[in-house]
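Please look over the sequence and the three-dimensional structure below before reading on. The paragraphs after it are meant to be read with both in view.

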Amino acid sequence: MKLPYIAIKKQVIFPYSTDSIKVGKARSVEAFEYAKNNNPKATRLVIVFLNENADNSNKISLKDIYQNGVLATVTKSSKKNSIWNIELKANELVKIKSFNNDVSFEDEPLLVEYEHVKFKNDLKA
C-alpha cells in the first residue's frame with residue numbers, strides 16, 4: 001500500500017497519540033496537499049517518519065530515515081504565510097518498505113510503500 005509521506009526532523013510522533021507539526025518544505029507541503037485534496041476528509045492519511053539527515057537537502061534516501069514511522073490522519077490544518085500547521089492523530093506504527101524521492105511531484109506523487117507492524121505481545125502463539 002502507498003501513501004504520501006512527510007519526513008520530519010527533531011520530533012518523534014508516537015503511535016496512538018495526537019501531535020502537531022509545522023510543514024514548510026516544498027516536498028512536504030506537496031505531499032500534505034496531495035493527501036488533503038485526493039482523499040475524503042475522514043481519511044486524509046499520511047505517513048510521517050523521522051529524517052535523520054541533518055542538512056536541509058530535499059534529497060533523502062532510505063539510509064537517512066528511521067525505518068519505522070506512523071500512519072496518521074490529518075485532523076486539522078491551517079496555513080500562515082507558506083507554513084502549514086498540521087494536527088495529526090497517529091494511528092499505528094508502520095515500516096517503510098520504499099519511497100520515491102527521485103521524481104518531481106509533478107510527475108507523480110511522493111508516495112511511500114509501507115507495511116503494518118505488529119508488536120511482539122500482539123502476536124498470538
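What follows moves from the overall fold to the interior, then to a pocket and finally to a pair of charged residues.

The model is a predicted one, and its secondary structure amounts to 1 helix and 6 strands, which appear along the sequence in the pattern β-β-α-β-β-β-β. The protein has 125 residues, of which 38% count as buried. Among its contacts with a separation of 6 or more, 64% are made by residues 24 or more positions apart.

Turning to the interior, the largest nonpolar core has 18 residues, and the members that touch the most others are I13, I21, V48, I86 and L88. At least two residues of this core are supplied by each of strand 1 (2-8), strand 2 (18-23), helix 1 (26-38), strand 3, strand 4 and strand 5 (83-99), with the largest share, 4 residues, coming from strand 5. Apart from this core lies another, of 12 residues, which includes L3, F49, L110 and Y114.

I13 deserves a closer look, for it is one of the residues that touch the most other members of the largest nonpolar core. When neighbours within four places in sequence are left aside, the contacts of I13 are with I8, D19, I21, V48, V70, L88 and A90.

The second largest pocket has a volume of about 170 Å³, and among its 14 lining residues those closest to the centre are V12, I13, N68, G69 and V70, so named here with I13 and V70, a pair already described as being in contact. Two elements, strand 3 (45-51) and strand 4 (65-80), give two or more residues to this lining, and strand 4 provides the largest share, with 4 residues. In terms of class, the lining of the second largest pocket consists of 11 nonpolar and 3 polar residues, with no charged residues.

How many salt bridges does a search of the whole structure find? The search returns 1, formed by E113 with K97, whose closest N and O atoms are 3.7 Å apart. Because E113 lies in strand 6 (residues 111-116) and K97 in strand 5, the pair ties together parts that are 16 residues apart in sequence. Partly exposed residues are those between the buried limit of under 20% relative accessible area and the exposed limit of over 50%; E113, at 25% relative accessibility, therefore counts as partly exposed, and K97, with a relative accessible area of 42%, is partly exposed as well.

Note on methods
Residues are numbered from 1 along each chain as its sequence is written. This is a predicted model: local features need pLDDT of at least 70, side-chain atom pairs count only at pLDDT 80 or more; totals for chains, interfaces and linings use all residues. Side-chain values use heavy atoms; hydrogens and water are left out. On a 1 Å grid over the protein atoms alone, a cavity is a set of points where a 1.4 Å probe fits but cannot get out, and a pocket is an open set with protein on both sides within 12 Å along at least five of seven lines; lining residues have an atom within 4 Å of a point. Grid points are joined across faces, edges and corners, and a volume is the space filled by probe spheres set on the points. Ala, Val, Leu, Ile, Met, Phe, Trp, Tyr, Cys and Pro count as nonpolar, Asp, Glu, Lys and Arg as charged, and the others, Gly among them, as polar. A nonpolar core is a set of buried Ala, Val, Leu, Ile, Met, Phe, Trp, Tyr and Cys residues joined through side-chain atoms within 4.5 Å. Buried means under 20% relative accessible area, exposed over 50%, partly exposed in between (1.4 Å probe, protein chains only). Contact means heavy atoms within 4.5 Å. A salt bridge is a side-chain nitrogen of Lys or Arg within 4 Å of a carboxyl oxygen of Asp or Glu.
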